[in-house]
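Colleague: Could you take me through one part of this model up close? I would like to follow a single residue first and then see what surrounds it.

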Amino acid sequence: MVMPKMGESVMEGTILKWLKNVGDTIAQDEPVLEVATDKVDTEIPATHAGILQQILAKEGEVVAIGKAIAIITTGGETAPNTPKTDEKANDKSVQTIENTITQAQNLVNAPTENHTQSNRFYSPLVMSIAKEEKISMQELDAIKGTGADNRVTKKDILAYISYRKPQTIASNNNTATVITPQPLSNEKPQTLITPATVEPTAQTAVSYSGKADIIEMDRMRKMIAQRMVDSKRISPHVTTFVEVDVTNIVLWRERVKDAYRKREGEGITYTPIFIEAIAKALKDFPLVNSSVEGDKIIVKKDINVGMATALPSGNLIVPVIKNADELSLVGLAKRVNDFAVRARANKLNPDELSGGTYTMSNIGGFGNEMGTPIIMQPQVAILAFGAIKKKPAVIETPTGDMIGIRHLMFISHSYDHRIVDGALGGMFAKRVAEYLEKFDLNRSI
């Protein structure tokens, strides 16, 4: 059994937990282990029925796609013996990483280079980390990779960074920072040590006064935290608010929801209507459906709308509805319901969480009227829909104005001010509002 391919951009996975033990009987397609990627945690089913003879990858280990992770015997087969790791292998591994660090240390003071000039392949994630940590291309090339074809993985570069110890020195009234890799211990290791298995150095303990609960972030929360910090650092956020009259949508949904549930076997929410309006507005303002790469603006032709979904754990996941502009309202409703159910059951695959060009968040489900959502990088905008509330409002008629009770909602549009100016960001939000306010009360579904 090998590590399966879990998406076009996914090259490796981390073994979170084995659900079966050696000697257990396994049915084909029965979940055997849980694997984490940089996009999603998912269960991996058995490719064959049989007996789990041997586990080749330990929990916490990063495994490249296509590499063997277990041996399942079928029809009375016996598994070949796996050679044990000897002390020489351990010593060799330690010597290898020490040599890597020593070599990189000699290149630390080399001038920073353009991170695109290298004959070696690096993933966008590794390149982003290297750029942020000011690791030169020469220094990056010196890091020994543990991925496929000796590729440097996220674990490798984080392990290397953990050895870099900043020291500040004074020279001619100026200060400079020198990065000195911290040497490995000379103690004999108990297990095979590679850069992929070395965790960053733990932070100094903090003392607390009074009563407090200390909660360790789980893997997903750490990932969310890092991405949110990165987004605020990368994009200068601006938020525009528009109040929308959604009375027609509320009345229409009340009229069709029972018949729709009876016909389709599921409910219809406001979310597919919101996504439909976003897709139409993105066609009108294609610059909002873009990303930034250096000095270039990449305008996306596909309209792939991500829908932020809260999980029972309190974490957040964003499945993406691909080509949302090509789906009918019924098609959008079915996709929204399917993603919401499978997201909460941890059944989404990595491809369903990638490729988004714009994101929406329905904060109204938590009773919030408005908010300032954070952009999902590398996108340049995100729209949040607030709670729908009955309010008195001025209604304009051909015979004069009048006061009436209407269903009103705020939408909050956050955008990257590097390429989306206030005029464009405001017009986009207003256009979404117009599509919602002009919703046909007599529309069939």
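Modeller: Let's start with Ala381, which has a relative accessibility of 0% and therefore counts as buried, the cut-off being under 20%. Ala381 belongs to strand 18, and please keep in mind as we go that this is a predicted model. Setting aside the neighbours within four places in sequence, Ala381 touches Val288, Tyr358, Thr359, Ile375, His413, Ser414 and Tyr415. You can also check a distance here: from C-alpha to C-alpha, Ala381 and Thr357 lie 8.9 Å apart, while 24 residues separate them in sequence.

Two of those contacts, Tyr358 and Thr359, lead us to strand 17, which spans residues 358-362. Strand 17 is mostly covered, with 4 of its 5 residues buried. Strand 17 runs parallel to strand 18 (residues 381-385), and 4 bridges join the two. If you want a place to look at this pairing, take Thr359, whose bridge partner in strand 18 is Ile382.

Strand 17 has another partner as well: strand 13 (residues 305-307) pairs with strand 17 in the parallel sense, over 3 bridges. Here Thr359 is again a handy marker, since Gly306 stands opposite Thr359. Thr359 thus gives you a bridge to Ile382 in strand 18 and a position facing Gly306, besides being in contact with Ala381.

Now for some helix packing. Helix 7 (residues 271-284) packs with helix 8 (residues 329-344) at an angle of about 120 degrees, and their axes are 8 Å apart. That angle makes helix 7 oblique to helix 8. The crossing of these two helices is right-handed. On the helix 7 side, the contact is made by Thr271, Pro272, Ile273, Ile275 and Glu276, and on the helix 8 side by Leu329, Leu332, Ala333 and Val336. Sorted by class, the contact comprises 7 nonpolar residues, 1 polar and 1 charged.

Finally, a sheet from another stretch of the sequence. Its 3 strands form an open sheet in the order 2-5-7, with antiparallel pairing. Strand 2 (25-26) and strand 7 (70-73) are the edge strands, each pairing on one side only. Strand 5 (residues 50-55) pairs with strand 7 in the antiparallel sense over 4 bridges, and within that pairing Leu52 has Ile72 of strand 7 as its bridge partner.

Definitions and conventions
Residues numbered from 1 in each chain as written. Predicted model: local features only at pLDDT ≥ 70, side-chain atom pairs only at ≥ 80, totals over all residues. Heavy atoms only, no water. Axes fitted to C-alpha atoms, helices over the stretch in contact; angles between N-to-C directions. Parallel < 35°, antiparallel > 145°, perpendicular 65-115°, else oblique. Left-handed = near helix turned anticlockwise from the far one by under 90°. Contact = heavy atoms within 4.5 Å. Nonpolar A, V, L, I, M, F, W, Y, C, P; charged D, E, K, R; others polar. Buried < 20%, exposed > 50% of the residue type's maximum accessible area, 1.4 Å probe, protein only. Pairing = 2+ DSSP bridges.
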